[in-house]
Amino acid sequence: MRSRDGNSNFSLRLCSILIFNSLALNASEFLISYKYIVQNSVIYNETLLISRAMTKCEGTPQRELILQNRNGEDLKALVFENSQEFIEYIHELGLHVEHKESTVNLQNFSTTILTLKTTCFKVDFNDNFATIAPLK
Amino acid sequence: MKYSILFALLLSISSLFADEIIKPADTTVTQQTYAEMLAQAQAQAAQIQAEKDERLASEAATAAQKEEEVLKKNSSIHLSVVGQGVAPMNTISPAQAYALAKRAAIADAYRAIAEKVKGVRIDGEDTIKNMMVQRSTIRTYVQAMVRNANVVETTFKEGLCEVEMEIVISHSDFARY
C-alpha cells in the first residue's frame, strides 16, 4: 500500500516535468544565422536560416526590433513579410566581413562574404506585433 | 778676373740647385692644400647631406603625424565610405535588380570600412621567364567584424548602385578591460 506522502511526491514531480516541458516548448527563442556572398560586385548567394532553439539560451536581450505580426508564432513568415527591415536590423547588429581579391595579369576577381554567426534571439509574440532581441 | 767669373758661375750653379730644392717643397705645400680643401669639401658635403636627411625625416614625421588620426581616449573617429554594386543579369524586375545591387553595394562598403579600420593584407607574385613576365598576381585579403554602420545615401543609376555608409568608431570599442 502506497503512503500519501509518496503519491504526492510522485504527482509533484510529474506536474513539474509537465510544466517545465510546456515552458521549454513554448519558449520563444530562435537561432538565426545569415550569410551572403558577393562576387565581382554582383550578389551571388544569400542564406537566412531560422530555427527554434532546442536548448535554453543564455544572456540578456540586447537591441530589440519590433515588427507588426499577423502570423501567430511563425517567425519565418514574420521575417519573410518584413525581410527588408529585418536584414537592415541584422546589419546594424554587426556582420563579419571577409574579402578576398586577386588580380592575375591585370584581370580582377573579388569575393566578399558577410556573415552573421548563429545567434540566439528572444522573440515575444503579442497580438499585433512581435519583439525580436538577440541574447548576449 | 778669372776668379770672379768662376765665382759668378758657382753662384749661378748654386742658385740653380737651390731652385731645384725649393721647387719640390712648393709642390708639397700645394698638394697639402688641395688635400685639405678636398677633405673640407667632403666634410661640408657630408654635413649638408646629414642636415638634408634630418630635415626630410622631420618633415616626414610631421606629415605622418598630421595625416594619421590617432584614436585617443574618450574620443571618436567618423569614417565615411562609398560602396558600389551591380545588379545581376537575370533579375525578374527592376525592383529586384535594385535590391540586389544595393545588397552588393553594402557588402562593398563594409569591405571598405574593414580595409580602413583594420588594413589589408597584400601578397604579390611575379613569374619571369626569359626576361619576360609570364604571370603577375596580386592577392588582397581583409577580415573584420563591423558593427553599427549606417547607410547615409543610396543612388541607383544605369545599373550601378552606390551606397554611402558611415561609422563612428570610439575608443571604448577597442579598449580592453
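Modeller: One term before you start: two residues are in contact when their heavy atoms lie within 4.5 Å. Also, keep in mind that this is a predicted model.

Colleague: Fine. Leaving out residues up to four places away in sequence, which residues does Asn82(A) touch?

Modeller: Asn82(A) sits in the loop between helix H2 (75-81) and helix H3 (83-93) of chain A. Residues up to four places away in sequence don't count here. With those set aside, Asn82(A) touches Leu67(A) and Gln68(A).

Colleague: Is Asn82(A) buried or exposed?

Modeller: The cut-off for buried is under 20% relative accessible area. Asn82(A) has a value of 17%, so on that cut-off Asn82(A) is buried.

Colleague: On to the largest nonpolar core. Which residues touch the most other members?

Modeller: That core has 48 residues. Helix H2 (residues 94-118) of chain B gives the most to it, with 11 residues. The members that touch the most others are Tyr36(A), Leu75(A), Phe86(A), Ile132(A), Tyr110(B) and Met165(B).

Colleague: Take Leu75(A), then. Which residues is Leu75(A) in contact with, leaving aside neighbours within four places in sequence?

Modeller: Leu75(A) is among the core residues that touch the most other members, and so is Ile132(A). Ile132(A) turns up again in the contact list of Leu75(A). In full, that list is Phe30(A), Ile32(A), Ile50(A), Val123(A), Phe125(A) and Ile132(A).

Colleague: I'd like to know about the cysteines. Which residues form a disulfide?

Modeller: The structure holds one disulfide over all chains. The pair links distant parts of the chain, 63 residues apart. One partner is in the loop between strand S2 (42-52) and strand S3 (65-68) of chain A, the other in strand S5 (residues 107-125) of chain A. With sulfur atoms 1.9 Å apart, the partners are Cys57(A) and Cys120(A).

Colleague: What is the torsion about the S-S bond of Cys57(A) and Cys120(A)?

Modeller: Both of these cysteines are buried. Their disulfide is right-handed, because the torsion about the S-S bond is about 85 degrees.

Colleague: And what is the relative accessible area of Cys161(B)?

Modeller: Anything under 20% counts as buried. Cys161(B) is buried, because its relative accessible area is 0%.

Colleague: Now the two chains together. How much area is buried between chain B and chain A?

Modeller: At this interface, 29 residues of chain B are in contact with 29 residues of chain A. Carbon and sulfur atoms give 52% of the buried area. The area itself is about 2400 Å².

Colleague: How many residue pairs in polar contact are found across the interface of chain B and chain A?

Modeller: For salt bridges, the rule finds one across this interface. For residue pairs in polar contact, with both residues at pLDDT 80 or more, the number is 15.

Colleague: Where does the largest share of the side of chain B that touches chain A come from?

Modeller: Strand S1 (76-86), H2 and strand S3 (132-146) of chain B each supply at least two residues of that side. The largest share is 13 residues, and it comes from S3(B).

Colleague: Which residue forms a salt bridge with Arg103(B)?

Modeller: Arg103(B) is buried, with a relative accessible area of 9%. Its partner is partly exposed, at 35%. The partner lies in strand S2 of chain A and Arg103(B) in helix H2 of chain B, so the pair joins two chains. With the closest N and O atoms 2.2 Å apart, the partner is Glu46(A).

Colleague: How far apart are the closest N and O atoms in the salt bridge of Lys100(A) with Glu98(A)?

Modeller: Lys100(A) is partly exposed, with a relative accessible area of 46%. A salt bridge needs the nitrogen within 4 Å of the carboxyl oxygen. This pair counts, because the closest N and O atoms are apart by 3.9 Å.

Colleague: Which residues are joined into one network by salt bridges that share partners?

Modeller: Start with the side chains of Arg111(B) and Glu115(B), which meet in a salt bridge at 3.0 Å, N to O. These two are separated by about one helical turn, because they are four residues apart in helix H2 of chain B. Arg111(B) counts as buried, at 15% relative accessibility. The network joins Asp108(B), Arg111(B) and Glu115(B).

Colleague: Last one: how far apart in space are Ala99(B) and Ala87(B)?

Modeller: Ala99(B) is in helix H2 of chain B and counts as partly exposed at 27% relative accessibility. Ala99(B) and Ala87(B) are 12 residues apart in sequence. In space, C-alpha to C-alpha, the distance is 8.1 Å.

Methods:
Residues are numbered from 1 along each chain as its sequence is written. Chains are lettered from A and ligands numbered from 1 in the order in which they are written. This is a predicted model: local features need pLDDT of at least 70, side-chain atom pairs count only at pLDDT 80 or more; totals for chains, interfaces and linings use all residues. Side-chain values use heavy atoms; hydrogens and water are left out. Buried means under 20% relative accessible area, exposed over 50%, partly exposed in between (1.4 Å probe, protein chains only). A nonpolar core is a set of buried Ala, Val, Leu, Ile, Met, Phe, Trp, Tyr and Cys residues joined through side-chain atoms within 4.5 Å. A disulfide is a pair of cysteine sulfur atoms within 2.5 Å. Buried area is the accessible area (1.4 Å probe) that two parts lose on being put together, summed over both. A polar contact is a pair of N or O atoms within 3.5 Å; within protein, one must be able to donate a hydrogen and the other to accept it, and residues adjacent in sequence count only if both atoms are side-chain atoms.
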